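The following exercises concern a single protein chain. Please inspect the sequence and the model, attempt each task, and then compare the result with the worked solution.

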Amino acid sequence: MQLARTKSPALLAAFAAVFLAVGSLLALPGYTLTGTGVRVRTIGVLNIDVYRISHYMEQLPATRSKDAVIDMDTGKKFVWTMLRDVDRASIVKALREAYALNRYTDTPKIERFVAAFEGDLKSGAEVTIAYDPGAKATTVTVAGGGTATVAGLDFMKATWRIWLGKIDQPTLSEELIARLR
């Protein structure tokens, strides 16, 4: 609270510069941020922040809905930043369960995708999931890990449903489209 009461112009200018620098790092050229949220894992009464996730699109849908975002065949990306260490087995299990929850059962495609997670994810690690509409392919890139590309519009839609379809944290879905109007 004391920091908020500081009247030092130099200190305020330094904070403003840091804020602008961080904000510019988050921008993706040619993409519009549609929303950001935090994936939370609930264990009993305890909520644990797992990763911050942002969603970007090259073109925006005509209507503000999760289905419109899922179905739109345009460049789009999810970017996660890990907020805690998570072992590989937990991430892979969670992804498989999310595909199953959304009734996607193409096991070879799912296994190709999760193979990019070669090791544990450490706090601060970044994961990018990008859809290329020209190639009709979804690519996952795990910083310090692997990468995998999976073909098919069906796979992209199934992947986007993990966060915008059936999810055990519905508020996250709303946060990921909060900037759409």
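Helices (H or I, at least four residues) and strands (E, at least two) are DSSP runs, numbered from the N terminus. The model is predicted, so local features need pLDDT of at least 70 and side-chain atom pairs count only at pLDDT 80 or more, while totals for chains, interfaces and linings use all residues. Residues are numbered from 1 along each chain as its sequence is written, and side-chain values use heavy atoms, with hydrogens and water left out.

**Exercise 1. Describe the overall make-up of the protein chain.**

Step 1. The protein chain contains 6 helices and 6 strands. Read from the N terminus, these elements follow the order α-β-β-α-β-α-α-β-β-β-α-α.

Step 2. Of the 181 residues, 39% are buried (buried means under 20% relative accessible area, exposed over 50%, partly exposed in between, with a 1.4 Å probe and protein chains only).

Step 3. Among contacts (heavy atoms within 4.5 Å) with a separation of 6 or more, 62% join residues 24 or more positions apart.

**Exercise 2. Characterise helix 3, its two ends and its buried side.**

Step 1. Helix 3 spans residues 88–101, which is 14 residues. From first C-alpha to last it reaches 20 Å, close to the 20 Å expected at 1.5 Å a residue (the expected span is 1.5 Å times one less than the number of residues).

Step 2. At the N-terminal end, Asp 87 acts as the cap, with a side-chain oxygen 3.3 Å from the backbone nitrogen of Ala 89. Just after the helix, Arg 103 has a positive phi of about 60°, although Arg 103 is not a glycine. Arg 103 belongs to the loop between helix 3 and helix 4 and, at 69% relative accessibility, counts as exposed.

Step 3. Ile 91, Val 92, Leu 95, Ala 98 and Tyr 99 are the buried residues of helix 3. They lie on the same side of helix 3 because they cover an arc of only 125° around the axis (the arc is that of the directions from the helix axis to the C-beta atoms). An α-helix has 3.6 residues a turn, so residues three or four places apart point the same way.

Step 4. On the other side of helix 3, Ala 89 and Lys 93 are exposed. The buried residues pack against strand 3 (76–82), helix 4 (107–114) and helix 5 (153–164).

**Exercise 3. At what angle do helix 3 and helix 5 pack, and which residues meet?**

Step 1. The angle is about 105°, and the axes are 9 Å apart (axes are lines fitted to C-alpha atoms, for helices over the stretch in contact, and angles run from 0 to 180 degrees between N-to-C directions).

Step 2. Helix 3 and helix 5 are therefore roughly perpendicular (angles under 35 degrees count as roughly parallel, over 145 as roughly antiparallel, 65 to 115 as roughly perpendicular and the rest as oblique).

Step 3. From helix 3, Leu 95, Ala 98 and Tyr 99 meet Phe 155, Ala 158, Thr 159, Ile 162 and Trp 163 of helix 5.

**Exercise 4. Is Ser 173 buried or exposed, and which residues does Ser 173 touch?**

Step 1. Ser 173 sits in helix 6 (residues 170–176). Its relative accessibility is 1%, so Ser 173 counts as buried.

Step 2. Leaving out residues up to four places away in sequence, Ser 173 touches Lys 66, Trp 163, Leu 164, Gly 165 and Ile 167.

**Exercise 5. Examine Gly 134 and Lys 136 in the loop between strand 4 and strand 5.**

Step 1. Gly 134 lies between strand 4 (126–132) and strand 5 (137–142) and is exposed, with a relative accessible area of 69%. Gly 134 and Asp 73 are 61 residues apart in sequence, and their C-alpha atoms are 9.2 Å apart.

Step 2. Lys 136 is found in the loop between strand 4 and strand 5. Lys 136 has a positive phi of about 55° although it is not a glycine, and at 34% relative accessibility Lys 136 counts as partly exposed.

Technical notes
Polar contact = N/O pair within 3.5 Å; in protein donor to acceptor, adjacent residues only side chain to side chain.
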